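This report looks at strand pairing, a covalent cross-link and contacts of aromatic rings. The sequence and structure come first, and the description follows.

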Amino acid sequence: MVMVSLSVLLGVFSAAAGTWLATAEGNTAELGAAALVLPNAPAGSGGGSGTDLKAGGQVQTTTDKPAPTTTSAPAPTTSSAAPTPTETSASPQPTTSAAPPPSTKAAARIAPSVTAQVIALVNDERAKSGCDPLSEESHLTKAAQDFSDQMSAENFFSHTSPDGTTFDQRIKAAGYPKPGAENIAKGQTSAAQVMDAWMNSEGHRANILNCSLTRIGVGYTAKGSYWVQDFGY
C-alpha cells in the first residue's frame, strides 16, 4: 500500500509576475497541474494558470498538492474458444472415416496498457462534458514518458526539471510545437485511481476538460508510481 502525505499546497501561477503564490490546504494525494497559453493558441483555451499539488508541505517551483482516492483498475479479461468436436461416419463395411478436427487458435483479448487506460478514461470524461476526444500523439507520449522516467530516476516531483526546463520546453524538444498543459501525479497505483485523483482536483480537471486541447500523451513509471499527462493544441 502506498502511503501519501496529508499536507498539500495549492499554487496559482501569475503570468504577469512570473511567480507562484501558495496557500496551505489539507489533502491526500500528490498531484501537479500546469497550463500554458501560447500566442497562437485557440481562443478560449483556458490556459495561463496552473495548480500543483505536492505532499510534504513544501512549495516547489510549480507545485502543489492534490486530493487522494482509492480506486482499483479493472482486471484484464481473456476469452478463448474450444475446438469444434468432429463427427465420425460409419458405413456398413467395417471401415470408418472421420474428418480431422478443424484447427482453432484461442483468441486472447489483451488488456490495454495503463497509459491507454488513462487516455480512455480522459475521453470518457470529455464526452460527458461535450468535448471532442483527444488523440494520442507520439511526440507528446515521448515527452510524458521521458519526464515520468526522469522524476523517478532523480527522485523529484515538479513540472520544472532540476536543470530548470519547463514542461512546454520539454514538449517542444520532443518535437511537438504547440504544448498546452501538463498534469503529473505520484503514488497512485492504477489508471482509475490516478484519474479519480485528477478529476477531484480543480486545476487537473480543468486541463482534462479543456475542449480547445486536441492531443495527449501519457507516461507512467512503475518505480515510485509517477504519472504524466502532456496535452497539446
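In this predicted model, Gly-32 has Ile-184 of strand 8 as its bridge partner. That contact belongs to a wider pairing, since strand 3, which covers residues 30-35, and strand 8 run in the antiparallel sense and are paired over six bridges. Strand 8 also pairs with strand 10, residues 226-232, again antiparallel and here through seven bridges. Within this second pairing, Pro-179 is found opposite Gly-232 of strand 10. Strand 8 itself spans residues 179-186, and seven of its eight residues are buried, so the strand is largely enclosed by the rest of the structure.

A covalent link is found elsewhere in the chain. A search of the whole structure returns one disulfide, formed by Cys-131 and Cys-211, whose sulfur atoms are 1.8 Å apart. The link between Cys-131 and Cys-211 is left-handed, with -70° about the S-S bond. Because Cys-131 lies in the loop between helix 1 (114-128) and strand 7 (135-136), while Cys-211 lies in the loop between helix 5 (202-208) and strand 9 (215-221), the pair ties together parts that are 80 residues apart in sequence. As for their surroundings, Cys-131 is buried, its relative accessible area being 7%, whereas Cys-211, with a relative accessibility of 44%, counts as partly exposed.

Aromatic rings provide a further set of contacts. A pair of such rings is described by the distance of the centres and the angle of the planes. The structure holds two aromatic pairs; in one of them, Tyr-220 and Trp-227, the ring centres are 4.2 Å apart and the planes stand at 40°, so the pair is tilted. Tyr-220 is partly exposed, at 21% relative accessibility, because a residue counts as buried under 20%. Trp-227, by contrast, is buried, with a relative accessible area of 1%.

The accessibility values of the residues in the disulfide and in the tilted pair are set out below.

| Residue | Relative accessibility | Class |
|---|---|---|
| Cys-131 | 7% | buried |
| Cys-211 | 44% | partly exposed |
| Tyr-220 | 21% | partly exposed |
| Trp-227 | 1% | buried |

One more contact brings a charge and a ring together: the charged end of Arg-170 sits over the ring of Phe-147, at 3.4 Å from the centre of that ring.

Notes: Residues are numbered from 1 along each chain as its sequence is written. This is a predicted model: local features need pLDDT of at least 70, side-chain atom pairs count only at pLDDT 80 or more; totals for chains, interfaces and linings use all residues. Side-chain values use heavy atoms; hydrogens and water are left out. Buried means under 20% relative accessible area, exposed over 50%, partly exposed in between (1.4 Å probe, protein chains only). Helices (H or I, at least four residues) and strands (E, at least two) are DSSP runs, numbered from the N terminus. Two strands pair if DSSP finds at least two bridges between them. A disulfide is a pair of cysteine sulfur atoms within 2.5 Å. Rings of Phe, Tyr and Trp (its six-membered ring) pair if their centres lie within 6.5 Å; planes under 30 degrees apart count as stacked, over 60 as edge-to-face and the rest as tilted. A charge sits over a ring if NZ of Lys or CZ of Arg is within 6 Å of the ring centre and within 35 degrees of the ring normal.
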